[in-house]
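Me: Pick one part of this for a close look, please, and then tell me how things look elsewhere. I'd like the cut-offs spelled out as you go.

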Amino acid sequence: MTRRDLAVIVVAAGRGERLKASAPKAFVQVNGHTILEHSLAPISDLADLAQVVIAVPETHLAEATEIANDVLTTDAILDVVVGGDTRQQSIANALAVVDDKIEIVLVHDAARAFASNSLFERVASAVRATGASVIPALEIADTIKRVSGEQVQETVDRSSLRSAQTPQGFMAVDLKRAYANASDDFTDDAALMQSQGKKVSFVAGEVEAAKITTPEDLVGVLSRLNGPGRTGIGVDVHRFSTDQSKKLFLGTIEWPDYPALEGHSDGDAVSHALVDALLSAAGLGDIGSNFGVDRPEFAGANGSVFLTETVRMVHEAGYDIVNASVQIVGNRPKVSGRRAEVEAALTKLVGAAVTLGATTTDGLGFLGNDEGVAAVASVLIIKAEGRLGS
Ligand code: CTP
Ligand code: MG
C-alpha cells in the first residue's frame, strides 16, 4: 500500500530576464526540449507522488499544460496555475491548490532543469524521516570575501557555508502555515521557514541541479550534456554534360541558364558534398557506402532526397546539426544572385543554418576551363543527449 502523499510544486513563472532569451526562461529550448520539459522529466517516477503543481506565466498556461501532459507519465493530479510577481508569490498560488491529503511538499525551480530523480528522492526521504524542512546544499569552491564599498573586509570561513538548491522539502502543514504568516519576500522557502523560527536541515546537493540563470549557464549545461562538437568534411565534383535536354540542379534548386551536370543522380555537387560532410561527422561512412550506384532508387534523384535521408540518419545516430557551410568551386554558375535561395532551401532540409559561398580557381585546371563544378562542405554536429533526447 503506497501512501501517495507527496506533491511537487515546480515554479516556472519567472521572466528569465538575466537569460535574455526571446521566451520566458522555462520555455527556452535546450537540445530540442523546453527547460520546463527537462525539469519535469525526473518527477513522474517519484515514490508516493500524488500531485504536481506548475506555476507559469499567464501567457503560457496552454503551452505548459500541453508540455506537462506530454512529459508526465504519472496518474498524479496535475494543476497548472498562473504565477505571481515574485517566486514566493508563484509558490503561494501553487500551494493554494495543493490537495488536503498531501503531507509532504517539494518546491522546485524549473530553472534547475537537470536535477536528478535521486536528488528529489533524497530530499523527500529526509523530510519523511525527520518531519523537518530539508534543502539540498553544495559546498563552496571559491574563497569568499566580505566586502564594503571598494574594500575587502575579511575572508569568510567557507567550511560553514553552503549554496542552496532545490527541490526543497517540507511537511505540507508547516509550509502552508509559513506562507499564511509570511511578512517578507524571500528567495527560497528555507529562508521563509527560518524567518518564522523553523529549523531547516540539508542533504548533499548536486552539480546537475545548478540553476540556469545567465546565457553562460546555458552554454555550461549544453557542454555538460552534449560534450564537444564533431566536424565533418565533404567534397564532390561533377562534369558538365553535353546533353542539352537535361537541367542543372545545384543546392537542390534548378539553374535554367546553365548546362546540367553528369552523375548517377542529378549531379548536385553541393548537396552531395553536404551529405558527405554530415556522414563523416557522424561516423556513418560516405555517400558511396550509403547511396552507391547499386541502389537504383537513387538514380537521377534530387539532392533533397539524399539530404533528407542523411539528416534522418544523423539524428538517429544521436546528433543535432549545429550548422553547415558549403563552397562552390568553378566559373559557373554565378552564385551571388541566388545565394539566399540556395541557403534557404538547404537550411530547411538540414534543419540548421547552411551558408553558401563560391570561388574560382583563377582559370587553372579542370574547374578553370569550365569542365565541371566542385563543392566543398563542412558541418558541425553535437551529441544530443540530455534525458529527453533531441
Ligand atoms: N519564478 C517564478 N515566479 C516569479 C519569479 C521566478 O515562478 N515571479 C521561478 C522561475 O521561473 C525559476 C525560479 O523561480 O524557475 C528561480 O527564479 P530565477 O532563476 O530568478 O528565474 P527568473 O525570475 O525567471 O529569472 P530572472 O530573475 O533572471 O528574471
Ligand atoms: Mg528571478
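Reply: First, some vocabulary: helices (H or I, at least four residues) and strands (E, at least two) are DSSP runs, numbered from the N terminus. Keep in mind that this is a predicted model, where local features need pLDDT of at least 70 and side-chain atom pairs count only at pLDDT 80 or more, while totals for chains, interfaces and linings use all residues. Residues are numbered from 1 along each chain as written, chains are lettered from A and ligands numbered from 1 in the order written, and side-chain values use heavy atoms, leaving out hydrogens and water.

A quick warm-up on helix H7, which spans residues 215-226 and holds Leu-222. Leu-222 counts as partly exposed because its relative accessible area is 30% (buried is under 20%, exposed over 50%, partly exposed in between, with a 1.4 Å probe and protein chains only). From Leu-222 to Val-81 there are 141 residues in sequence and 29 Å in space, C-alpha to C-alpha.

Now the close look: ligand 1. Its surroundings come to 18 residues, and Val-11, Gly-16, Glu-17, Ser-90 and Lys-211 are the closest (near means that a heavy atom of the residue lies within 4 Å). Sorted by class, that shell has 8 charged, 5 polar and 5 nonpolar residues. Here Ala, Val, Leu, Ile, Met, Phe, Trp, Tyr, Cys and Pro are nonpolar, Asp, Glu, Lys and Arg are charged, and the others, Gly among them, are polar.

The ligand sits in the largest pocket. A pocket is found on a 1 Å grid over the protein atoms alone, as an open set of points with protein on both sides within 12 Å along at least five of seven lines; a molecule sits in it if more than half of its atoms lie within 2 Å of its grid points.

Oxygen atoms of ligand 1 have polar partners here (a polar contact is a pair of N or O atoms within 3.5 Å; within protein, one must be able to donate a hydrogen and the other to accept it, and residues adjacent in sequence count only if both atoms are side-chain atoms). A backbone N or O atom of Gly-16 is 2.8 Å from one of the ligand's oxygens, and a polar backbone atom of Arg-15 is 3.2 Å from a ligand oxygen. Lys-25 uses its side chain instead, with a polar atom 2.9 Å from an oxygen of ligand 1. The protein covers 86% of the 560 Å² of accessible area that ligand 1 has on its own (Shrake-Rupley method, 1.4 Å probe).

Elsewhere, some backbone spots deserve a look. The Thr-166 to Pro-167 peptide bond is cis, with omega near 10 degrees, and Pro-167 is in the loop between strand S10 (162-164) and strand S11 (168-171). Arg-332 and Pro-333 are also joined by a cis bond, omega about -10 degrees. Asn-31 isn't a glycine, yet its phi is positive, about 55 degrees; it counts as buried because its relative accessibility is 6%. Asp-362 has a positive phi too, about 60 degrees, but Asp-362 is exposed at 71%.

Last, two side-chain pairs. Asp-109, in strand S6 (104-109), is buried at 9%, and its side chain makes a 2.8 Å polar contact with that of Arg-87. Thr-59 is exposed at 69%, and a 2.7 Å polar contact links its side chain to that of His-60.

Notes: On a 1 Å grid over the protein atoms alone, a cavity is a set of points where a 1.4 Å probe fits but cannot get out, and a pocket is an open set with protein on both sides within 12 Å along at least five of seven lines; lining residues have an atom within 4 Å of a point.
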